[in-house]
Amino acid sequence: MAAAPAGALLYIDFEQPYYVHPGMQVWDHCLVESEGRYHIFYHGIPESDPEPAASDHIWHSTSPDLIHWLEP
């Protein structure tokens, strides 16, 4: 016997992209939920120069549903 999966839990597979920043690779992300809104903080590495040293900025975007994202 095994327990059934908990349907109320949020499941995110971090091995596949769930946030796309055009022209950038999303590295080292952190996802936070606060007051019904999701916030992602991440390093954006330019696809034309995919070296960690090319990222000197922490980007931030928000979403109400993990599908539609806004960059404040």
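**A three-stranded sheet and its surroundings**

In this predicted model, residue D49 lies in the loop that links β2 and β3. This aspartate is a handy starting point for a tour of the chain. Its relative accessible area is 40%, and because partly exposed residues are those between the 20% limit for buried and the 50% limit for exposed, D49 falls into the partly exposed class. Along the sequence, D49 and M24 are separated by 25 residues, yet in space their C-alpha atoms are 9.4 Å apart.

The loop holding D49 belongs to a chain with a short list of elements. No helices are found, as the count is 0, while the number of strands is 3. Read from the N terminus, the order of elements is β-β-β.

How are the 3 strands arranged in the sheet? They form an open sheet, with the order β1-β2-β3 and antiparallel pairing. The edges are taken by β1, covering residues 24-34, and β3, covering residues 58-63. Each of these two has a single partner strand, so one side of each has no neighbour in the sheet. On average, neighbouring strands in this sheet are turned by 25° against each other, when direction is ignored.

A closer look at one pair shows how the strands are joined. Strand β2 spans residues 37-46 and is linked to β1 by 9 bridges, with the two strands running antiparallel. Within this part of the sheet, V26 has G44 of β2 standing opposite.

Strand β2 is also home to F41. Is this phenylalanine buried, partly exposed or exposed? With a relative accessibility of 34%, F41 counts as partly exposed. On the surface, F41 joins V32 and I58 in making a nonpolar patch of about 250 Å².

Stepping back to the whole chain, some overall values complete the picture. The chain has 72 residues, and 21% of them count as buried. About 5,500 Å² of the chain is exposed, and 58% of this area is supplied by carbon and sulfur atoms. What share of the contacts between residues at least 6 apart in sequence joins residues at least 24 apart? For this chain, the share is 27%.

Taken together, the tour leads from D49 in the loop between β2 and β3, through an open antiparallel sheet, to a nonpolar surface patch made by V32, F41 and I58.

Terms used
Residues numbered from 1 in each chain as written. Predicted model: local features only at pLDDT ≥ 70, side-chain atom pairs only at ≥ 80, totals over all residues. Heavy atoms only, no water. Pairing = 2+ DSSP bridges. Helix = DSSP H or I, 4+ residues; strand = E, 2+ residues; numbered from the N terminus. Axes fitted to C-alpha atoms, helices over the stretch in contact; angles between N-to-C directions. Patch = residues over 30% accessible without salt bridge, like charges linked within 9 Å, V, L, I, M, F, W, Y side chains within 5 Å. Areas by Shrake-Rupley, 256 points an atom, 1.4 Å probe, with all protein chains shown as cover. Salt bridge = Lys/Arg side-chain N within 4 Å of Asp/Glu carboxyl O. Buried < 20%, exposed > 50% of the residue type's maximum accessible area, 1.4 Å probe, protein only. Contact = heavy atoms within 4.5 Å.
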